[in-house]
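Please open the structure in your viewer and keep the sequence panel visible. The tour below proceeds by selections, each followed by a description of what is found there.

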Amino acid sequence: MSLYSHFHQRLHDLYPQGPLYVAFSGGLDSTVLLALAARFATEQQRDIVALHVHHGLQTVAKAWPQHCVQVANELGVDCRILSVKVETGPRVSVEAAARDARYAALVAELPPGAALLTGHHLDDQAETLLLALKRGAGIKGLAAMPESKPLGWGVQLRPLLERARAELECFATEQGLRWVEDPSNADNRFDRNFLRNDILPRLQTQWPAFARTASRSAALCAEQLELAQALAEQDLPALQNAGGGLSIACLQSLSPARRNNALRHWLGERGLHLSRSQLEVAWRELALAREDAEPLLAIGGNELRRYLGHLYVLALQGEPVALAALQPEQWHDLGVGRLRLRQVPDGANICGALALNELHIAFAVPGLRARPAGRSGSRPLKKLWQEYGVPPWQRTRIPLLMQGDQLVAAVGMFICADYAAEADQPGWQLEWIAET
């Protein structure tokens, strides 16, 4: 199958309609990608835009934006130049910082539903797998790069991931395409360049099919990762309490492999990605610490804690934001999450008889009592937090929907009985997206 036929088939399967955005560095890979995408867009009557990110890290790169605009125009494609500033810091490589800045700029350009095409190919996949092996990665790292993944409001597609760089070079030569050569690609101080320039050619000389078989291994790891995620999603509901804490006793009932899988998935949902050694430390020194201890493990901008036999993640960023008034049908940012009160014709969780002009959001109101829907008798909020297993450090971060001085709902926890809607009745739907 020709390179274009393959590209056409993959893009048609992955993204049958919608605008195309091409990450266009001006190098060989992205130039071939843009040429293929321009032809596809013309045939399919799709909108297409090339995006060139200018980092300003090399003197020679000053000419690249103009080159990219000229090549894109020759292909009948509009090219936008995105200038970024690369911020580096302790233990952050220039390569990683530039990649982060580049993707942030690209994501900012993507409208909802759009696809960003990148020119990653078979050799890139082999390099990514080798880098993951060097780091001692698990199946998530060894799964390398997926052909399609969510990105911002859209999706990132790699339609050339199954084709070798040599095929791209032949196509570019046949089509008379012009591209730039990045001199930093010859610098073997960068890990990926070292693999690309020294290691991968030797492997492919000895084993010509190495890149393809490595890609097959990555695909198999991706399948195993999908199964591991499905198993974790099956396990986690029974492991968590109402406050989102993870039961240590329930985790102990699982095999070590299944326990670690559930832990990794639960932590990943909260933005924490621990190495195997970090996970072992967390389990040994936090989960299995003596009962009267108050262990804490700081990880980046978060804390992993234990309370009443459960593990919790405390995000240190984001302070609660109280609201003096609440506008129905609008999302409100409360610092610890987003809230919306929406009127619905049925399936409401709050009754329709609310005094909207008295509604407000508060935090940590002293002396409050509440009777959650389905319970008899009211109790002090402090006692309810204990019953629900809400750790002390989370209690001041729970939004309280108030009508005057009366509690309507502890957002994300319960609706008070006096304000709960009857089943299948019209009223208000309280929607909540917690900070993760």
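Which residue just after H13 takes a positive phi? Select Gly389: its phi is about 75°. Before proceeding, please note that this is a predicted model, in which local features need pLDDT of at least 70 and side-chain atom pairs count only at pLDDT 80 or more, while totals for chains, interfaces and linings use all residues. Residues are numbered from 1 along each chain as its sequence is written, and side-chain values use heavy atoms, with hydrogens and water left out.

**The whole chain.** Display the full C-alpha trace, which spans about 80 × 50 × 40 Å along its principal axes. The chain has 14 helices and 19 strands; these are DSSP runs numbered from the N terminus, a helix being H or I with at least four residues and a strand E with at least two. Of the 436 residues, 46% count as buried (buried means under 20% relative accessible area, with a 1.4 Å probe and protein chains only).

**Helix H13.** Select residues 381–388 and highlight the buried ones, Leu381, Leu384, Trp385 and Tyr388. Seen down the helix axis, these buried residues fall within an arc of 105°, so they line one face of H13; the arc is that of the directions from the axis to the C-beta atoms. Next, add what covers them, including strand E15 (379–380), helix H14 (392–395) and strand E17 (406–410).

**Glu127.** Move to helix H5 (residues 122–135), where Glu127 is found. Is Glu127 buried or exposed? Glu127 is buried, with a relative accessible area of 2%. Not counting residues up to four places away in sequence, Glu127 touches Arg192, Leu195, Arg196 and Leu200 (contact means heavy atoms within 4.5 Å). Show the side chains of Glu127 and Arg196, which make a polar contact at 3.1 Å; within protein, this is a pair of N or O atoms within 3.5 Å, one able to donate a hydrogen and the other to accept it, and residues adjacent in sequence count only if both atoms are side-chain atoms.

**A pocket.** Finally, select Gly243, Gln394, Trp432, Ala434 and Glu435, which lie nearest the centre of the second largest pocket among its 24 lining residues. A pocket is an open set of points on a 1 Å grid over the protein atoms alone, with protein on both sides within 12 Å along at least five of seven lines, and lining residues have an atom within 4 Å of a point. Strand E10 (310–315) is one of the elements that each supply at least two lining residues, and E10 gives the most, with 4 residues.

Technical notes. Buried < 20%, exposed > 50% of the residue type's maximum accessible area, 1.4 Å probe, protein only. 1 Å grid on protein atoms, 1.4 Å probe; cavity = no way out; pocket = protein on both sides within 12 Å on 5 of 7 lines; lining within 4 Å.
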